Amino acid sequence: MAFWKPGSKKPEASLPLSAEVDREGPGDSGGRLVVFNRNENLALQAQRERLPIFKTRDAILHLVETRATTVLVGQTGCGKTTQVPQYLVEAGWTAGGRLVACTQPRRVAAMTVASRVADEMGVTLGAEVGYAVRFENVSTPGVTRVRFCTDGVLLRELMEDPLLSRYSVVMVDEAHERSLATDLLLGLLKKVQRRRPDLRIIIASATIQAEEFAAFFDTRHLEPKPASEASSVNAPSREPGIVSVEGRAHTVLIHYLEKPVPDYVKAAVGAAIDVHRAEGPGDVLVFLTGEEEIEAAVSMLQEEAEDNSRRLLGGGAGTNPAGGPERFTVHPLYAGLSPAQQMEAFRPAPRYTRKIVVASNVAETSVTIEGVVYVVDCCFVKQKAYDPTRGMESLLTAEASRASANQRAGRAGRVRPGKAYRLCTEKAFRDLPETAPPEMIRSDLAATVLQLKALGIDNIMNFEWLSPPPAANMIKALELLYALQAIDDDARLTKPLGMHLAELPLEPQLGKALLVSGELGCVEEMLTVSAYLQVQTLWVSPRGRQKRLDECRDRFAVAEGDAVTALNIHTAWCGGRARSFADKNMLSHRALVRASDIRAQLARHVRRVGLVVSSAGKDSAPVRRAMTAGFFANAAALAPHGGGAEGSAFRSVRGGATLFIHPGSVLFRARPAMVVYAAAVRTGREYMRDVTAIDPEWLSELAPHFYAMTQRSGNERPADAAAVF
Ligand code: ADP
Ligand code: MG
């Protein structure tokens, strides 16, 4: 490799764009002499200049200089996320201690992109380039210039610094995804810009929604309200500029199924194995919808990998006709994993080994998993849906949009040409919706409204939304916050409860359950429960071992429900925190580690809000009362008739919806008179997850505003609890 010294003429950008260049990078220096050399990233520099976006560098910088808002559109892989922040640094936007923020809808993206940009800039991650995601901040005050963060983190920063005064430029990346937090952030940034005309906003998006974003930020008709005289000096034009980057990095060949498949998880596993057996070198990225499917697919692939290794050892190898590697490793990648666990999926596979990553859509945008050449896409996605009449948000598996399938396919062409296998027919693909509806209009808005209130925005109805959420959803959110006592009669945030709820990194209902544990004397227990509610797949379930899994579950399961069961597991796990404990009980070691980690973080939060740590010992009632105080709106009573082999039917106390206990709950086969649940999922029927058995009396006691018990002589039944709202 040729070297050049700073100050001398830079060599031509002619190095081959080869994945091998980076494979030999830091972390794989076994045996090589490591010499500090600021130019070790020379190859990266050459790669940077070969990206399509490089041609529009000056145009982008010119617009950022002269316009308050710049909308940047370009195909996935053209260089928006990694290059624009660097251009801004090079052009002086971080001079004088100012920062550039680049927001991502997902934490994995924020972390990995930061790491890539740090590499390209030849700096240590956490120094000039850092990131911040929920529960983790890797940046150095006074040193960090470029900060990648989730949009949720920037929203929280707005609470402390409403004008984002540290930042010269905020780039909102992947805006086309229209996540709840992105939409909220865009609305707030528009407000900030009126007071800080010097703040530059860049909106980056992969699809052609540019006009919509530009129109939203066109504030020529509005009078600015500068916070100070100084900030209006040299104010840029308030007419947004649009730059469009032509060209994508590499082509991706798309394959469709000839016939539809009944079970896409099995089909995805099959497709990954086919690719492994028949295709040349290159890693595989499989997209499924969520944690459970991913863990199931990982188990199946792992069994296959072991069989495969045994075959190879026995000498009975089936040689790959395209010269691909014989062995493969399998890695899950989804939001519920800890950052360290997620990073494992990004680590290059050992030599002569193929890596198969099974991911949810956390890997859909922004991220580049180096080495991925093949993508298998199930073409489904977990989507939030909100029913305002019943005040119920549930997750359901829905068809992916074409935009999102294109993003997924794009992951195969990041470092060289690739192939994508879509598990649907071409015709079915054409019938998919073009884009998914914005999350804002199909979500429970309680957390959003709480956040706006905490930012001092009281007139929520007049807030400028990119897509205004339905009024019914908004009203339901206000009702719930009122019932949680987070807002008062005038819809203002209560102090301290409302404020504390807004600060806690938990959804309001769980936040309330945790905060009341102070009064109920069960803080230790509720910390554990809150942490365990953040991880979904606590149990591993390899194929054909359901019976053993049931036996293991029975060791911890109690009639009080999933929260109390989690307490039992945590207590036993804390005995030694050994992997063998997890294996013996068919618990996921990953999930246990992650839950303990979150628990420690939550403990710091509750100490900060002044909660005195207490424990209820073996008495489960305080914990169940705390759950009721948070999740009273999600109460369901055992239906008098109904149910059968597939579990008992329940009726939601508010709204009267028919609900079932999820097979993953320890109460699946039980028949408690009244329960509260933490989440709902819809797969054919509506299922309750994380279920706690409660005393029906507690509802009127702990949520008097919300429920009024109808007193009927003699036969007072739980189902008679009537919703006030
Ligand atoms: P965009 O945001 O426009 O989708 P990015 O800036 O994320 O594009 O990436 C641009 C290109 O940089 C990718 O196509 C890929 O070639 C390269 N790249 C980005 N991240 C990595 C990485 N972690 N490892 C190797 N190459 C990367
Ligand atoms: Mg990007």
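This report describes the surroundings of ligand 1, the helix and loop beside them, and the cysteines of a predicted model.

**The ligand site**

The shell around ligand 1 holds 16 residues, of which Gly77, Lys80, Thr81, Thr82 and Arg414 come nearest. By residue class, this shell divides into 4 nonpolar, 8 polar and 4 charged residues. Because domain 1 (42-245) and domain 2 (252-439) both contribute residues to the shell, ligand 1 lies between them. Helix 4, which spans residues 80-90, supplies the largest share of the shell, namely 3 residues.

Polar atoms of the ligand and of the protein approach one another at several places, and the table sets out these pairs together with two contacts made within the protein by threonine 76.

| First partner | Second partner | Distance |
|---|---|---|
| Oxygen atom of ligand 1 | Polar backbone atom of cysteine 78 | 3.2 Å |
| Oxygen atom of ligand 1 | Side-chain N or O atom of threonine 82 | 2.5 Å |
| Nitrogen atom of ligand 1 | Side-chain N or O atom of arginine 116 | 3.3 Å |
| Side chain of threonine 76 | Side chain of arginine 411 | 2.7 Å |
| Side chain of threonine 76 | Side chain of arginine 414 | 3.1 Å |

Taken on its own, ligand 1 has 550 Å² of accessible area, and the protein covers 92% of it.

**Helix 4 and the loop before it**

Helix 4 is itself mostly covered, with 9 of its 11 residues buried. The buried residues are Lys80, Thr81, Thr82, Gln83, Val84, Pro85, Gln86, Tyr87 and Leu88; among them, Lys80, Thr81 and Thr82 also belong to the residues that come nearest to ligand 1. After helix 4 comes glycine 92, whose phi is positive, near 95°.

Threonine 76 sits in the loop between strand 1 (69-74) and helix 4. Its relative accessibility is 10%, and threonine 76 therefore counts as buried, the cut-off being under 20%. From this loop, the side chain of threonine 76 makes a polar contact of 2.7 Å with the side chain of arginine 411, and another, of 3.1 Å, with the side chain of arginine 414. Arginine 414 is also one of the residues that come nearest to ligand 1.

**Cysteines**

How many disulfides does the structure hold? The number is 0, where a disulfide would be a covalent bond between the sulfur atoms of two cysteines. Cysteine 522 has a relative accessibility of 0% and so counts as buried, and cysteine 552, with a relative accessible area of 0%, is buried as well.

How values were computed. Residues are numbered from 1 along each chain as its sequence is written. Chains are lettered from A and ligands numbered from 1 in the order in which they are written. This is a predicted model: local features need pLDDT of at least 70, side-chain atom pairs count only at pLDDT 80 or more; totals for chains, interfaces and linings use all residues. Side-chain values use heavy atoms; hydrogens and water are left out. A residue is near a molecule or strand if one of its heavy atoms lies within 4 Å of it. A polar contact is a pair of N or O atoms within 3.5 Å; within protein, one must be able to donate a hydrogen and the other to accept it, and residues adjacent in sequence count only if both atoms are side-chain atoms. Accessible areas come from the Shrake-Rupley method with a 1.4 Å probe; for residues, only the protein chains shown count as cover. Helices (H or I, at least four residues) and strands (E, at least two) are DSSP runs, numbered from the N terminus. Ala, Val, Leu, Ile, Met, Phe, Trp, Tyr, Cys and Pro count as nonpolar, Asp, Glu, Lys and Arg as charged, and the others, Gly among them, as polar. Domain bounds come from an automatic or database domain assignment. A disulfide is a pair of cysteine sulfur atoms within 2.5 Å. Buried means under 20% relative accessible area, exposed over 50%, partly exposed in between (1.4 Å probe, protein chains only).
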